[in-house]
Amino acid sequence: MNIQIRPILIALRRHKAGTVLIALQIALTLAIVCNALFIIHQRLASLSESSGVDEHNVFVIYNQWAGNMSTQQIDAQMRADVVALRQLPGVRDASLSNGYPLQGTGWDNYVMMTPDQVKMTTDAAVYLGDEHLLDTLGTRLIAGRNFRPDEVVAMGPQEMITPPVVIVTKALADRLFPAGNALGKSFYSMGTVPTTIIGIVDDLHRQGTDKWNKPYAGQSLIWPMRLDNPYGINYIVRAKPGQLAAAMREAPKALYAQNRMRIIDAKDGIQDYAEIRHRAYDSDRGMAILMGIICVVLLAITAAGIVGLTSFWVGQRRKQIGVRRALGARQRDILTYFLTENFLISAAGVALGVVLAFAFNLWTVTRFALDRMSLDYVGVGVLVLLLLGQGAVLAPALRASRVSPVEATRSV
Amino acid sequence: MMFTYYFQLGLRSLRRNPVLTALMVMAIGFGVAASMITYSVFRAVSGNPIPDKSAQLFTPQIDAWGPQQNLTGGEPADALNYTDAMALMRAHEAKRQTLLYPVQMSVMPGGDRDLPLAAKGYAVYGDFFPMFDVPFQYGGGWSTQDDAARAADVVISGRLNQKVFGGADSVGRTINLGGHEYRVVGVINHWNPHPRFYDLFDDDFFADEPDFYMPFNRALDLKMRTAGRNSCRGKLTFVTWEDYLQSNCVWVTPWVELDSATDVAHYRRFLENYAADQQRAGRFDWAPNVRLRDVMQWLDHRQVVPPESRISLMVAFGFFLICLVNTVGLLLAKFMRRAGEIGVRRALGATRQEIYAQYLIEAGTVGLAGGMLGLLFTAAGVSGVGVLFPPQIAKLARLDASLVGLTLFAAVVATVLAAFYPAWRAARVQPAWQLKSS
């Protein structure tokens, strides 16, 4: 085996162009494939982020107000609306909120531990809801208690007031109080008065899903408030198991029966969580698919290229192969020769490819602040390409090994 | 004459090694299609939305949060608070100027509509329309006097005009928006620049066309809060509209039109002086930190082109490059296989240039075939691009004449470039050596 490498290298020097081309193609393919795999893996990871919501049964209605309603009228209408929604036969519970997990964009506040702190300790997504919000979303209270109805107050359109009590997610509680004793403790969220943690829920995704939210993943808080927003409000409805479709049909009818001076968009006024999740991760899913397609086609083209060029070499060297066979080389030796030759070229290509792969990754890191690629992806990529090379060269190499020694005596 | 002959030779040669030819054509087709599909999206999101005036339109930024609380890298907020925004308007240091923020109103039922309609729009000053070259179907914008008179004027989109007035000339008629009567002064003829450069503070850069534009002062009188983003710092304790206006919350986007470098320098000095005055007055506790970006700088600063689009474009170009490297190799194999034939032709008197030209033209035919296939893939890809990009971006990607031309051009040029080396090798074949060995 070892003694074969020197003649291969000498032979390759007579095919410099082809050798360089295959190596270059392998290098570029490796660079693209590892980065694509890395992007796919990252995007798929965000696709499966937990929302903390009972996604099979929850849907959201974005209700816009029409006409010139006063804050008091809006508040009264919202209270009547949620009662009407809760009375529907297919509905388990209903609530209202300024936003919902995976909405895309939303409200977030800085969190401080002391009243005179200027820099934030961390950031939390802010949900405003009543005592039904937890049950409606389906998020589980793991410590403390829910809001009492008398704690829920209205917040006017231009008001910014901090309520005395708050429910936080476990992620936020652990971030603020790493010792795990958050219940009963207080903090400041852009107000002058402290707010006390009365309950902790296990999981509630932020409204935002973009890159900016990543460092604060899962950090949300709920204020016991109804937001009297003159523009509109999100009604969140949890259907009884198996009755989602029926509840989604009945809910807008119930709202219009209450009052027709409202707008529920025909296209995206009512969304179930499958749709909300689909929209939230549109670009992530698209990137994963695109990178997947490119990877597959790229590997196929590279393999085809290797087959094509090696076949040409085999064709060119039939006479030499015949001579070697006549001088006693076995079929196995010829096969090994071409496999080894391909391995040497691939190894050189892969070495260059690793450098290119990291260079491309570095570009995405500096240009778009993406994450650094771990070595695993490069490892997988190297393995895939070496195997691909060996696989691609197998057919022409087998054909070469079947060249009869008689060829040595023929010209051409 | 020679060209047609070589072209026919090329076509014949394509048929001679069908597998090799198919490989090359597929590779070029895939490569060029991947590049063109991602490019069609990139082109849609990265273009200049107002090419004639992008260098004259500027958005001023003033740091009212200070070094402790401003954005990363000491950047001032991407919008203004009410106090600073109004100060810029009062100073009137630019030829034209406007403030704007997004608002929403309902269109009340009427005619055959028994339910209200949702309408999204902007609160703007009268200068907005001439500044941004807004095209009108009927009427026009309103005047600076109307701004001062806090008039209940409105400019509506052609689409809203269609819904409410059946597409007729509605100038002078009234429309009930959010329970208030407005006088229609103009109807816009399709104007929705992509990206929406004038409102990049809000995240939906590729939103549908707004339904209406109302006077800024009128929106303030009605205490209409922003329907878009609002960003605040420190402790928030306001409970009234007036308190909110005095807060440090930023939500107003300002634009000024400045025609010459002198005007720009003058305005920049004005901003510096304004911030310095605020510092002297004790309102700012920090040195002036202002910016004056034009449209393209603003698009870049707000990172309007989604990173996904840039990365996929780069990956697709890399993919095309690999396809070309692949083509170089295959062409080399294809041409050198015919070394004997080349030897005969050379021996019969063909010059190197002729061999060279013949093989380049042959490569061109491969490129053309690849381009045709690529065009099919591109057409399929552009129509299916909704799977890969969010809908509001995907709908901007189009297969138009320029993309068709570019696809074919890129395929042929790239393949001919890829053929330079293999053709050169073919032209260097020694006639004697080839004739001897056969």
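In strand 9 of chain A, which residue is the bridge partner of Thr169(A)? I will come to that shortly, but let me first say, for anyone new to this structure, that what we are looking at is a predicted model.

Starting with the whole chain, chain A has 412 residues, of which 46% count as buried, and its secondary structure comprises 11 helices and 13 strands. The C-alpha trace spans about 105 × 50 × 35 Å along its principal axes, and the radius of gyration of chain A is 32 Å, where a compact globule of 412 residues would have a value near 22 Å. As for the contacts in chain A with a separation of 6 or more, 84% of them are accounted for by residues 24 or more positions apart.

Now let me turn to strand 7 of chain A, which covers residues 165–169. Because four of its five residues are buried, strand 7 is largely enclosed by the rest of the structure.

Two pairings of this strand deserve a mention. Strand 7 of chain A runs parallel to strand 9 of chain A, residues 195–201, and five bridges join them; within that pairing, to return to my opening question, the partner of Thr169(A) is Val201(A). Strand 7 of chain A also pairs with strand 10 of chain A, residues 220–227, this time in the antiparallel sense and over two bridges, and there Ile167(A) has Ile222(A) as its bridge partner.

So, to go over the strand once more, strand 7 of chain A is parallel to strand 9 and antiparallel to strand 10, with four of its five residues buried.

Terms used
Residues are numbered from 1 along each chain as its sequence is written. Chains are lettered from A and ligands numbered from 1 in the order in which they are written. This is a predicted model: local features need pLDDT of at least 70, side-chain atom pairs count only at pLDDT 80 or more; totals for chains, interfaces and linings use all residues. A residue is buried if 20 or more other C-beta atoms lie within 10 Å of its own, exposed if 12 or fewer, and partly exposed in between; C-beta atoms are placed from the backbone. Two strands pair if DSSP finds at least two bridges between them. The radius of gyration is taken over C-alpha atoms; the globule rule is 2.2 Å times the number of residues to the power 0.38. Two residues are in contact if their C-beta atoms, placed from the backbone, lie within 7 Å.
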